[in-house]
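Welcome! Here are some exercises to work through with the model in view. Try each task on your own before reading its solution.

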Amino acid sequence: MTTSSDTADLVIPDLMVIGSGIAGLAAAQAAMSAGMSVMVIDKGRRIGGRVSTRRAHGFTFNHGAQFMTARSPEFVSLSTAAIQNHALAAWHVANRDALCGTPTMRDFPVYMQRGLDVRQGIEITDIGREHDHIILTDKDGQTHMARHLIVSAPAPQSQRLLANVAPNLSALACSASYAPCWTGMYGFSDAPPPHDPAPVGDDAGPVGFALWEADRPGAPAANHALTVQAAPGWSQQHLKDDAGDVADALLAAWQEASGQTIGTPVLKAAHRWRYARVVTPASDDAAVTSSCGRIAVAGDWLGGARIEHAFLSGQRAVAALTTAPN
Ligand SMILES: Cc1cc2nc3c(=O)[nH]c(=O)nc-3n(C[C@H](O)[C@H](O)[C@H](O)COP(=O)(O)OP(=O)(O)OC[C@H]3O[C@@H](n4cnc5c(N)ncnc54)[C@H](O)[C@@H]3O)c2cc1C
């Protein structure tokens with residue numbers, strides 16, 4: 001884990017980005033290409049935000065985004081380069097031509113990180129402005145300065161962070177909404193019985209999307225790990241349930257939906273994504289910069305529910321900042 005230090009803060013970057021998810025990384029790459037000095041800060045332990053992979057007791061689970069699609073020329077271009085660098089692979093899944101990170105989903109944000117200064121484990125709790133500088137305070141009381149700022153946290157978190165310093169952006173964030181998602185993760189000592197490798201589930205739930213991790217393109221066969229994501233309605237209904245109860249319920253629901261019977265897992269866990277998929281994005285027409293022209297927002301909530309939306313929002317935030325008068 002890297003943390004900011006007083007020495008690091010003596011160099012004031014042109015742009016600070018809060019969030020090392022896809023939106024923040026896309027913004028940072030676009031700003032670096034435009035000649036800006038950039039620093040990315042994230043409160044999580046690892047890069048990628050909701051494009052996430054968990055390793056536990058020798059098992060690997062892709063417990064956030066499952067796959068992605070690329071339609072815009074900008075995202076197709078990045079995806080093509082990532083495929084050439086073995087960070088993405090083609091995957092026909094859920095009746096569509098899609099892409100998945102290889103060997104894990106997180107390898108895609110890791111690929112996007114190249115050349116960037118990314119610091120994990122720093123949670124920003126307050127944002128202020130002094131003359132032409134943005135002052136960020138983190139949970140440990142350290143301050144960080146930058147000339148410009150992009151906030152790419154999920155909308156409810158951006159709303160809180162920006163309430164004082166950029167009320168128009170805070171209000172914009174308030175207009176977006178999300179559905180939650182419970183993800184069950186199960187590790188087994190033996191290989192699964194023969195089965196159809198297609199994912200199980202649909203939005204009617206309880207199981208929304210479930211698959212054996214070894215059935216992903218490029219995944220190691222020895223990873224006897226099952227990931228079960230609940231549908232949005234079921235997740236909302238069980239939002240406050242105990243994680244252990246949810247893990248049991250989702251495994252039972254998966255057995256019923258798949259028709260597969262398996263033994264007792266040696267590892268069982270559940271993760272709650274409070275802000276998983278965007279249900280209502282913010283308006284396309286709204287300005288994404290503050291009245292001072294030094295702060296912008298990015299994130300999937302500015303476009304839709306997909307990784308590609310997050311990517312495009314990062315590029316849009318940089319374009320807006322570099323053309324805003326300040
Ligand atoms: C279970 C699940 C399944 C999904 N499936 C798919 C799918 O199959 N296909 C698809 O295209 N999309 C899918 N998505 C959606 C996709 O993951 C998101 O649209 C995309 O990853 C959002 O990227 P982002 O950069 O906007 O936000 P995030 O990835 O949420 O990044 C925001 C970052 O900001 C950081 N942060 C927040 N507050 C602070 C703070 N105060 N200080 C410092 N850092 C902070 C967070 O730690 C986080 O890393 C899924 C999401 C989930 C959760």
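**Exercise 1. Find the loop that holds Pro 103, then describe the peptide bond that leads into this residue.**

Step 1. Pro 103 sits in the loop between strand S6 (96-101) and helix H4 (107-112). Helices (H or I, at least four residues) and strands (E, at least two) are DSSP runs, numbered from the N terminus.

Step 2. The bond running from Thr 102 to Pro 103 is cis, and its omega is near -5°.

Step 3. A cis bond also joins Gly 205 and Pro 206, with omega about 5°. Pro 206 belongs to the loop between strand S12 (177-187) and strand S13 (207-212).

Before going on, a word on the source: this is a predicted model, in which local features need pLDDT of at least 70 and side-chain atom pairs count only at pLDDT 80 or more, while totals for chains, interfaces and linings use all residues. Residues are numbered from 1 along each chain as its sequence is written, and side-chain values use heavy atoms, with hydrogens and water left out.

**Exercise 2. Look up phi for His 57 and for His 86, and decide whether each is buried or exposed.**

Step 1. Recall the background: most residues other than glycine have a negative phi, and most peptide bonds are trans.

Step 2. His 57 has a positive phi, near 50°. His 57 lies in the loop between S3 and S4.

Step 3. For His 86, phi is positive too, near 65°. The loop between H3 and strand S5 (88-93) contains His 86.

Step 4. Now apply the cut-offs: buried means under 20% relative accessible area, exposed over 50%, and partly exposed in between (1.4 Å probe, protein chains only). His 57 is exposed because its relative accessible area is 70%. His 86, at 63%, counts as exposed.

**Exercise 3. Describe the surroundings of Asp 42 and Ser 20.**

Step 1. Place the two residues. Asp 42 is part of strand S2 (residues 38-42), and Ser 20 is in the loop between strand S1 (15-18) and helix H2 (22-33).

Step 2. Check their accessibility. Asp 42 has a relative accessible area of 13%, so Asp 42 is buried. Ser 20 is buried because its value is 0%.

Step 3. List contacts, meaning heavy atoms within 4.5 Å. Not counting residues up to four places away in sequence, Asp 42 touches Gly 19, Ser 20, Gly 21, Arg 119, Gln 120, Gly 121 and Ile 122. With neighbours within four places set aside, the contacts of Ser 20 include Val 40, Asp 42, Arg 46 and Val 118.

Step 4. Zoom in on the pair. A polar atom of the Asp 42 side chain lies 2.6 Å from the backbone nitrogen of Ser 20.

**Exercise 4. How many salt bridges does the rule count, and where do the partners of the Arg 50 and Asp 300 pair lie?**

Step 1. State the rule: a salt bridge is a side-chain nitrogen of Lys or Arg within 4 Å of a carboxyl oxygen of Asp or Glu. By this rule there are seven salt bridges.

Step 2. One of them joins Arg 50 and Asp 300, at 2.8 Å from N to O. The two are 250 residues apart, with Arg 50 in the loop between S2 and strand S3 (54-56) and Asp 300 in the loop between strand S16 (295-297) and helix H9 (307-323).

Step 3. Compare with the cut-offs. Arg 50 is partly exposed because its relative accessible area is 22%, whereas Asp 300, at 7%, counts as buried.

Step 4. Take another pair: Lys 139 and Glu 123 meet in a salt bridge of 3.8 Å, N to O. Lys 139 is exposed, with a value of 58%, while Glu 123 is partly exposed at 29%.

**Exercise 5. Describe how domain 1 and domain 2 meet.**

Step 1. Set the bounds, which come from an automatic or database domain assignment: domain 1 covers 6-47 + 113-176 + 281-323 and domain 2 covers 178-279.

Step 2. Their centres, taken over C-alpha atoms, are 32 Å apart. In the contact region, 10 residues of domain 1 meet five residues of domain 2.

Step 3. Between domain 1 and domain 2 the count of salt bridges is zero.

Notes:
Polar contact = N/O pair within 3.5 Å; in protein donor to acceptor, adjacent residues only side chain to side chain.
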